[in-house]
Amino acid sequence: MSNMDTHTPNILIVEDDERLASLTKDYLENNGLQVSIEGDGAKAIDRIINEQPDLVVLDLMLPGEDGIAVCRLVRPKYKGPILMLTARTDDLDQVLGLEMGADDYVAKPVRPRVLLARIQALLRRSLQPTPDSVPETNGEQQTRLEFGELVIDSSMREAWLADESIDLTSAEFDLLWLLSSNAGKVLSREEIFTALRGIEYDGQDRSIDVRVSRIRPKVGDDPMHPRRIKTVRSKGYLFVKDIEG
């Protein structure tokens, strides 16, 4: 079925609270995950790049380098999911984390079951090559979409613009594929949020908007006057199939 059936996912927890990290490690390992811990932000950068864990749980406040810096510095060389732990009320930190390439965030203190559910959701998306929403051609699932110079391949989880590979995080690819595989259809934030995160939209989460703003320039769209991924006021987002030259 998926890579998760034969591969035990390797999780790196980057957390300087030793007791919390140890308790989290024990809980995750008791639920079938392989877990290691790093308490220093600067050291975590090297470990993430060299070890390439299946997923990183990254605390915002760290010695050495904070979580925002860690996320920004590893993103060019690490494509796996990053789940950031943030202060409950600090919306700015959540947005900054997403802008630096985090895939999701959980507010501290977090219940272990909630953390596990978020980790499992991210792993399902990153370790299963084919997203849920895929158009069909003659009854067969379509895995490659082409829009002029933009090519998106769900089986390889890669995209190219004018034959140049596009640097996308796992969450960015999922969103791009969801939008492009529904080209010509307006998708509401509620639909996008539920499809990608498996939980109901609370009306305040800004992760989808931040992620769209990151994707636009990568696919050759003008962030100020987008033509490929349009914002439809009070409705959601529209991926435009054909763009006139």
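Which residue stands opposite Met84 in S4? In this predicted model, the residue that stands opposite Met84 is Leu58, and the pair offers a convenient way into the strands around S4.

Strand S3, which covers residues 55–59, pairs with S4 in the parallel sense, and 4 bridges join the two. Between these strands the chain passes through helix H3 (residues 67–74), and S3, H3 and S4 together make a right-handed β-α-β unit. S4 also pairs with strand S5, which spans residues 104–108, again in the parallel sense but here over 5 bridges; within this second pairing, Thr86 stands opposite Ala107 in S5. Strand S4, made up of residues 82–87, is mostly covered, with 5 of its 6 residues buried.

Seen as a whole, the chain contains 8 helices and 14 strands, and 48% of its 245 residues are buried. Of the contacts between residues at least 6 apart in sequence, 56% join residues that are at least 24 apart. The area that the chain exposes comes to about 12,600 Å², of which carbon and sulfur atoms supply 47%.

The largest nonpolar core holds 25 residues, and the members that touch the most others are Ile152, Leu176, Leu179, Ile192 and Phe239. At least two residues of this core come from each of strand S8 (144–147), strand S9 (150–153), helix H6 (170–180), helix H7 (189–197), helix H8 (207–218) and strand S14 (236–239), with H6 giving the largest share, 6 residues. Apart from this core lies another one, of 21 residues, among them Ile48, Val56, Ile82 and Ala102.

Phe239 shows how parts of the chain that are distant in sequence meet at the largest core: leaving aside neighbours within four places in sequence, Phe239 is in contact with Phe147, Leu150, Leu176, Leu179, Ser180, Ala183, Gly184, Arg228 and Ile229.

One of these partners, Ser180, lies in helix H6 and deserves a closer look. Is Ser180 buried or exposed? Ser180 counts as buried because its relative accessibility is 2%, whereas the cut-off for a buried residue is under 20%. When residues up to four places away in sequence are not counted, Ser180 touches Leu145, Phe147, Ile152 and Phe239. A polar atom of the Ser180 side chain also lies 3.3 Å from the backbone oxygen of Trp177.

Definitions and conventions
Residues are numbered from 1 along each chain as its sequence is written. This is a predicted model: local features need pLDDT of at least 70, side-chain atom pairs count only at pLDDT 80 or more; totals for chains, interfaces and linings use all residues. Side-chain values use heavy atoms; hydrogens and water are left out. Buried means under 20% relative accessible area, exposed over 50%, partly exposed in between (1.4 Å probe, protein chains only). Contact means heavy atoms within 4.5 Å. Accessible areas come from the Shrake-Rupley method with a 1.4 Å probe; for residues, only the protein chains shown count as cover. A nonpolar core is a set of buried Ala, Val, Leu, Ile, Met, Phe, Trp, Tyr and Cys residues joined through side-chain atoms within 4.5 Å. A polar contact is a pair of N or O atoms within 3.5 Å; within protein, one must be able to donate a hydrogen and the other to accept it, and residues adjacent in sequence count only if both atoms are side-chain atoms. Two strands pair if DSSP finds at least two bridges between them. A crossover is right-handed if, with the strands pointing away from the viewer, the path from the first strand over the helix to the second runs clockwise.
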